[in-house]
Amino acid sequence: MINSAEELAQYIEFTNLDNTANVEEMKAFFDKAKEYNFYSVVVHPHYVKLAKEELKDTDMKVVTVVDFPLGAGNTEGKIAEAKAAIADGADEIDMMANIPLIKQHEFHAVKEDIMAVKEAIGDHILKVIIENPLLTVDEKAGASAMCEAGGADYVKTSSGFNGNEQFYALMESLRIMKKNAPHKEIKAAGGINNYKLANNVIAAGVSKIGTSSGHLIMDQFQHVLDNQKVSPDQKTGPRLI
């Protein structure tokens, strides 16, 4: 159970992956992030340097994406992209798994791809996006297992760019991921735009949430906290958003 706004904020990776956003819009996004002191911001590689500069007086991490959102690039390209992002100041990398290889059930090659990128970025955290909305149950299981075997730090549910899973499908995907990558953290992303859903995925074992609605989730959580401040004779409890 989340007990404070500060605790909830550390689950949230506040995301702006709009490829039409200009510098002023990104600066406004960073200002919003600073209001809530989220765990991190997630931006395109183009804005990593700007993010690092804008957030230099905060504890927030800068996360960027690699081979995003298609997940159809080669390993050498991913390595180059990840290394460049780290050189620009990225703290963590969210990398697309190789979706064609997963769909072809070439899981050993998926593992080799992950291992190569992880080796290239060293101690920096690597989250691997397996893109659950595109996968069968067996493919979700196989891809999650390869994240475990390949040395990724996190398995991530989706990019949010190839469809979102509805609630029960998402919960089932999280179960499959936990079962097949039992020693890895899980990041949930794609359509998590309200506090009730965020609270549910945290209860299901998620460690981080990628969302462009982080500020809305925080405001809804504050509303829940405010509703809990009731008089002793009130009979009914607070209602979630």
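Two strands are taken to pair if DSSP finds at least two bridges between them, and the legends below apply this to a predicted model.

**Figure 1. Strand E8 and its parallel neighbours E1 and E7 in the predicted model.** Strand E1 (residues 12–16) is joined to E8 by three bridges, and the two strands run parallel. Within this pairing, Glu13 of the one strand stands opposite Gly210 in E8. E7 also pairs with E8 in the parallel sense, again over three bridges, and here Ala189 has Gly210 as its bridge partner in E8. From E7 the chain passes through helix H9 (residues 195–203) before it reaches E8, and this β-α-β crossover is right-handed. E8 is covered on both faces, since Lys208 and Gly210 on one side are buried, as are Ile209 and Thr211 on the other.

**Figure 2. Strand E4 and its pairing with E3.** All five of the five residues of E4 are buried, so this strand is largely enclosed by the rest of the structure. Glu92, Asp94 and Met96 point one way from E4, whereas Ile93 and Met95 point the other way, and all of these residues are buried. E3 and E4 run parallel and are joined by four bridges, and Val63 has Glu92 as its bridge partner in E4. The connection from E3 to E4 goes through helix H4 (residues 75–88), and this β-α-β crossover is right-handed.

**Figure 3. Surroundings of Lys61 in strand E3.** Lys61 belongs to strand E3 (residues 61–66) and is partly exposed, with a relative accessible area of 32%. When residues up to four places away in sequence are not counted, Lys61 touches Tyr39, Ser40, Val41, Asp91 and Glu92; the last of these, Glu92, is one of the buried residues of E4. Between the C-alpha atoms of Lys61 and Ala84, which are 23 residues apart in sequence, the separation in space is 17 Å.

**Figure 4. Strand E5 between its partners E4 and E6.** Four of the five residues of strand E5 (residues 125–129) are buried, so E5 is largely enclosed by the rest of the structure. Strand E4 (residues 92–96) pairs with E5 in the parallel sense over five bridges; along this pairing Glu92 stands opposite Ile125, and Met95 has Val128 as its bridge partner. E5 is also joined by three bridges to strand E6 (residues 154–156), and these two strands run parallel, with Lys156 in E6 as the bridge partner of Ile129. Together with helix H7 (residues 137–150), E5 and E6 make a right-handed β-α-β unit.

**Figure 5. Thr157 and the residues in contact with it.** Thr157 is found in the loop between E6 and helix H8 (167–180). Thr157 has a relative accessible area of 1%, and is therefore buried, the cut-off for that class being under 20%. Leaving aside its neighbours within four places in sequence, Thr157 is in contact with Ile130, Glu131, Asn132 and Pro133, with Leu170, Leu174 and Met177, and with Lys187, Ala188 and Ala189.

**Figure 6. The largest cavity and its lining.** A search of the whole structure finds one cavity of 30 Å³ or more, and the volume of the largest cavity is about 50 Å³. The lining consists of Pro133, Thr157, Ser158, Asn164, Glu165, Leu170, Ala189 and Gly190, and by class it has three nonpolar, four polar and one charged residues.

**Figure 7. The largest pocket and its lining.** The largest pocket holds about 280 Å³ of space. It is lined by 17 residues, of which Ser159, Gly190, Gly210, Thr211 and Ser212 are the closest to its centre. Strand E7 (185–189) and strand E8 (208–211) each supply at least two residues of this lining, which by class has four nonpolar, 11 polar and two charged residues.

**Figure 8. Glu6 in helix H1.** Glu6 is found in helix H1 (residues 5–9) and is exposed, with a relative accessible area of 59%. The C-alpha atom of Glu6 is separated by 36 Å from that of Glu139, and these two residues are 133 residues apart along the chain.

Methods
Residues are numbered from 1 along each chain as its sequence is written. This is a predicted model: local features need pLDDT of at least 70, side-chain atom pairs count only at pLDDT 80 or more; totals for chains, interfaces and linings use all residues. Side-chain values use heavy atoms; hydrogens and water are left out. Buried means under 20% relative accessible area, exposed over 50%, partly exposed in between (1.4 Å probe, protein chains only). A crossover is right-handed if, with the strands pointing away from the viewer, the path from the first strand over the helix to the second runs clockwise. On a 1 Å grid over the protein atoms alone, a cavity is a set of points where a 1.4 Å probe fits but cannot get out, and a pocket is an open set with protein on both sides within 12 Å along at least five of seven lines; lining residues have an atom within 4 Å of a point. Grid points are joined across faces, edges and corners, and a volume is the space filled by probe spheres set on the points. Ala, Val, Leu, Ile, Met, Phe, Trp, Tyr, Cys and Pro count as nonpolar, Asp, Glu, Lys and Arg as charged, and the others, Gly among them, as polar. Contact means heavy atoms within 4.5 Å.
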